[in-house]
Amino acid sequence: MSAKTLTRMDLSEAVFREVGLSRNESADLVESVLQHMSDALVKGQQVKISSFGTFSVREKSARVGRNPKTGEEVPILPRRVLTFRPSHLMKDRVAAGNKT
């Protein structure tokens with residue numbers, strides 16, 4: 001398994017090659033899509049991408065945690081967390097990639 005990370009630049013380069021927009025237009029398109037996704041998540045909406053998965057925000061309530069080193073109880077404040085649930089197609093693709 002490679003340690004390569006897919007970046008915004010990689011995405012905009014792929015749009016440039018596949019769609020034929022200029023490099024600047026491709027970068028702007030990628031930024032726009034990511035901004036729309038981020039804005040929706042901030043508003044608490046789900047972002048569902050067919051054959052890929054669903055991003056959503058979950059509310060976690062306050063609870064008492066424990067410092068594993070000292071055993072001391074520590075209050076954990078309520079917060080919002082981002083979750084991702086891959087589609088079945090994505091799970092199958094990833095699992096198929098493990099068979100080498």
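Helices here are DSSP runs of H or I that hold at least four residues, strands are runs of E with at least two, and both get their numbers from the N terminus. Keep in mind that everything below comes from a predicted model.

**Figure 1. The whole chain, before we zoom in.** Count along and you'll find three helices and five strands. Their order in the sequence is α-α-β-β-β-β-β-α. The chain is more spread out than a compact globule, because its radius of gyration is 19 Å, well over the 13 Å that the globule rule gives for 100 residues. If you boxed up the C-alpha trace along its principal axes, the box would be about 55 × 40 × 25 Å. Just 15% of the 100 residues count as buried. The chain exposes about 8400 Å², and 56% of that comes from carbon and sulfur atoms. Now look at who touches whom: take the contacts between residues at least 6 apart in sequence, and 33% of them link residues at least 24 apart. As for charge, there are 17 positive and 11 negative ones, and the mean positions of the two sets lie 9 Å apart.

**Figure 2. Before helix α1: Leu-6.** Leu-6 sits in the segment that comes before α1. Is it buried or exposed? Leu-6 counts as exposed because its relative accessible area is 62%, and the cut-off for that label is over 50%. Try finding His-36 from here: it is 30 residues away in sequence, and the two C-alpha atoms are 19 Å apart in space.

**Figure 3. Helix α1 and the glycine after it.** Helix α1 covers residues 8-19, which makes twelve residues. From first C-alpha to last, the helix reaches 16 Å, close to the 16 Å expected at 1.5 Å a residue. An α-helix has 3.6 residues a turn, so residues three or four places apart point the same way. Follow α1 to its end and you meet Gly-20, which has a positive phi near 95°.

**Figure 4. Ser-12, tucked into the picture from α1.** Ser-12 belongs to helix α1. Why does this serine count as buried? Its relative accessible area is 7%, and anything under 20% gets that label. Leave out residues up to four places away in sequence, and Ser-12 touches Ser-26, Ala-27 and Val-30.

**Figure 5. Arg-23 in helix α2.** Helix α2 spans residues 23-42, and Arg-23 is part of it. Which residues does Arg-23 contact, once its neighbours within four places in sequence are set aside? They are Glu-13 and Phe-16. Met-9 is worth finding too: it is 14 residues from Arg-23 along the chain, with 9.7 Å between their C-alpha atoms.

**Figure 6. The loop with Ser-51.** Strand β1 covers 47-49, strand β2 covers 53-60, and Ser-51 is in the loop between them. The backbone angle phi of Ser-51 is near 65°, so to speak a plus sign in a residue other than glycine. How open is this spot? Ser-51 counts as partly exposed because its relative accessibility is 41%.

**Figure 7. Ser-56 and its contacts.** Here's a serine from strand β2. With 17% relative accessibility, Ser-56 counts as buried, since the label applies under 20%. What does Ser-56 touch, not counting residues up to four places away in sequence? The list is Leu-41, Gln-46, Val-81, Leu-82 and Thr-83.

**Figure 8. Helix α3: His-88 and Lys-91.** Helix α3 runs over residues 88-97 and includes His-88. Lys-91 is in helix α3 as well. His-88 counts as exposed because its relative accessible area is 59%, whereas Lys-91 is partly exposed at 38%. Each can be paired with a residue from much earlier numbering. The C-alpha atoms of His-88 and Phe-52 are 8.2 Å apart, although 36 residues separate the pair along the chain. For Lys-91 and Gly-53, the gap is 38 residues in sequence and 9.3 Å in space, C-alpha to C-alpha.

Definitions and conventions
Residues numbered from 1 in each chain as written. Predicted model: local features only at pLDDT ≥ 70, side-chain atom pairs only at ≥ 80, totals over all residues. Heavy atoms only, no water. Buried < 20%, exposed > 50% of the residue type's maximum accessible area, 1.4 Å probe, protein only. Rg over C-alpha atoms; globule rule 2.2 N^0.38 Å. Contact = heavy atoms within 4.5 Å. Areas by Shrake-Rupley, 256 points an atom, 1.4 Å probe, with all protein chains shown as cover. Lys, Arg positive; Asp, Glu negative; His and termini not counted. Charge placed at Lys NZ, Arg CZ, Asp CG, Glu CD. Expected span 1.5 Å × (residues − 1).
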